[in-house]
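Got the viewer open? Here is a short walk through the model, one selection at a time.

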Amino acid sequence: MNNKIKWIGGCLLLVNGTLVWAEALPEGLTWETNDTDPVFASPDARQGGTLNLYVDSFPLTFRTVGPDSNGSFRSFILDNQLRLISFHPNTGNPIPALATHWAIAPDNQTVYFRLDPRAKWSDGKPVVAEDYTFGYEMMRSPHIKGPWFNNYYTTEVIEVSKVDEHTIKVKAGSAKGKLDLLNTTELWPQPKHFYKLTPNWVKQYNWAIVPTTGPYVISDVKKGKSVTFSRQKDWWARDDRFFQHRFNIDKVHVKVIRDQNIAFRHFLKGELDSFEMIQPTWWHEKAKGPEFDKGYIQKVMAYTDTKQGGQGLHLNTSVPRLADLNVRLGIEHAINMDKMIATVLRGDYVRATTFGSGFGPFTDMTLPERAYDVQKARDYFAKAGYTKQGPDGILVNDKGERLTLAVTFTVSEHAKRLSFLKEEAKRAGLDLELNLVDGATGFKAMLEKKHEAAWLGWGGGGLYPQYWESFHSDNANKPQTNNFFNVADKALDALIDAYGKEFDLDKRADLSRQIQQRIYDLAIFVPGYALNYVRASSWRYVMLPAVPATKNTPDLLYWPMDGYPHSSGGLLWIDEGKRKEVMSDKSSGKALEPVVLVDKSWQHG
């Protein structure tokens, strides 16, 4: 029996013999879509080929929630799962993804979404309303062991319900402005037909290859060595306006190469197709030699106008020494970030003064930089009891304890910049102990708060700054949370709570600036730097659009997936004819014109 009866207004559904209550649509909804914003992919793009990339460590899990899931490989998986809507990478306007239309209720707290009836999971099952109601249940479940998601789907998203098979209602925890509300409610679905919520969920799905809604599926896994993604030939959204001419690569092969210098040698041999060169050392010094001089490999730099996450030193206040504000203030003035940027980083980066930037009035640009000042640093250290200088120049207290700060970092390329900061800090009597740890393992140690200071940077995230994850006491002294500071401050909590509930954008921006001021006053974060460009090298046959990056392209120029929150990836393609020509010219020694492309389409300031 497969009867369906819909009662207008009451919305009782008889589905496969079972009565199900569903929400009724309120009257007067205004449905919106976006089929007019400009396309940003190139019509010259061609499909085919394999893109060879690398990561520095094999992921600890294929899960995107729960323990160990928040590593760098997560983007390969999560950016291949579409949300209800996305945001245009150049205009910032909402654009369709899994939903074709959306409507905001008069309460400015509830959004209705019409699901695309064509949408399918990679295993062929349709994407339906139950995948969202189940996803809501799953994200609130203790079985996933994901405190951030548990909280978000309790406080930020408080209801997900079915209207009909292809219409859902999502309610936020408070009224919000339009873009903020859409950004809060444009959720990922979870395949109800695939998952079972059991106490063993974390272990059961640790290496599960979950069906996707995006263009790629994991097609091959060699544990510890590589992961291969393959493009779905009949992907349901391939001809949609904002997906046309994108996701052109047939296969994305991701190798594990633990050392960046070894990876670069693989790149020069043609075993990797592109190589990110954000770091000045690579762009200015290492991107040389016959492969570059003879034009087989091209250099591409594109200015962007992206939102920046916090990058710098995260001080763990649960460490007794770092619980003292005077020690933290001394550290702020003992870190010679400006000179490091000017010398080691060749002035390519900009000194940051806040935790994140680029959010307009949400960023407090008036916060003064705590400049490197040996005397100020020593004065603060003296207030904390570090008044004597040992034979090696490092300060000690009356107990004979040396003034040290263990810095955990995961990118070997950062050793040079941290070594510079170490030498400068010695002049202020501070010893930086540098601990390079493998990427996934190092990040796990940070999540479990096994660090004194964590040197890392965060992505720009959503449309507005996010503070609860990193600074609220709900996440202090708990493993698998992003509060790397272990900060638990009542004044900061009150501001963050108010910020999360505020509807008026001007008032919310003011609260954001107050939060940044409080973070500044607590001296728990030593701001590092920000950058407004992406840079990479690629073999000449790897192609990009005439404007190679969007306004919101993140730090990876040759990113094959979609990208969150802006739909900005998958623009590249491989010209197989040009590949044969380049490799033939390389074999014969024929020189081509060197290519160094610098695009300023989105340059600002």
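Keep in mind as you click around that this is a predicted model. Start with Asp220: at 30% relative accessibility, this residue counts as partly exposed. Add Lys222 to the selection, and you'll see the two side chains meet in a salt bridge, 2.8 Å from N to O. Lys222 is partly exposed too, with a relative accessible area of 45%.

Now widen the view to the sheet. Select β3, β12, β11 and β10, in that order: these 4 strands make up an open sheet with mixed pairing. β3 (50-55) and β10 (216-222) are the edge strands; each has a single partner strand, so one side of each has no neighbour in the sheet. From one strand to the next, the twist averages 20°. Zoom in on β3 and β12 (residues 251-256), which run parallel and are joined by 6 bridges. For one of those pairings, pick Tyr54, whose bridge partner in β12 is Lys255.

Next stop, Glu32 and Lys178. What do their side chains form? A salt bridge, with the closest N and O atoms 2.8 Å apart. Glu32 sits in the loop between β2 (18-21) and β3, while Lys178 belongs to helix α4, so the pair ties together parts that are 146 residues apart in sequence. Color by accessibility and both come out partly exposed, Glu32 at 26% and Lys178 at 40%.

From there, hop to helix α3 (residues 147-156) and show its buried residues: Phe149, Asn150, Asn151, Tyr152 and Tyr153. What do they pack against? Display α1 (74-78), α2 (130-140), β8 (157-164), α4 (178-185) and α14 (468-471).

Time for the interior. The largest nonpolar core has 151 residues, and those with the most contacts inside it are Phe113, Phe229, Ile331, Trp455 and Phe471. Apart from that one lies another core of 6 residues, including Phe443, Leu447, Ala454 and Phe484.

Back to charges: the structure holds 31 salt bridges. Select Asp68, Lys444, Glu448 and Lys450 together to see a network of them.

Finish at helix α17 (residues 576-588), where Arg579 and Glu576 lie 3 residues apart, about one turn of the helix. An α-helix has 3.6 residues a turn, so residues three or four places apart point the same way. Arg579 and Glu576 form a salt bridge, their closest N and O atoms being 3.0 Å apart. Glu576 is partly exposed, with a relative accessible area of 32%.

Key. Residues are numbered from 1 along each chain as its sequence is written. This is a predicted model: local features need pLDDT of at least 70, side-chain atom pairs count only at pLDDT 80 or more; totals for chains, interfaces and linings use all residues. Side-chain values use heavy atoms; hydrogens and water are left out. Two strands pair if DSSP finds at least two bridges between them. Helices (H or I, at least four residues) and strands (E, at least two) are DSSP runs, numbered from the N terminus. Axes are lines fitted to C-alpha atoms, for helices over the stretch in contact, and angles run from 0 to 180 degrees between N-to-C directions. Buried means under 20% relative accessible area, exposed over 50%, partly exposed in between (1.4 Å probe, protein chains only). Contact means heavy atoms within 4.5 Å. A nonpolar core is a set of buried Ala, Val, Leu, Ile, Met, Phe, Trp, Tyr and Cys residues joined through side-chain atoms within 4.5 Å. A salt bridge is a side-chain nitrogen of Lys or Arg within 4 Å of a carboxyl oxygen of Asp or Glu.
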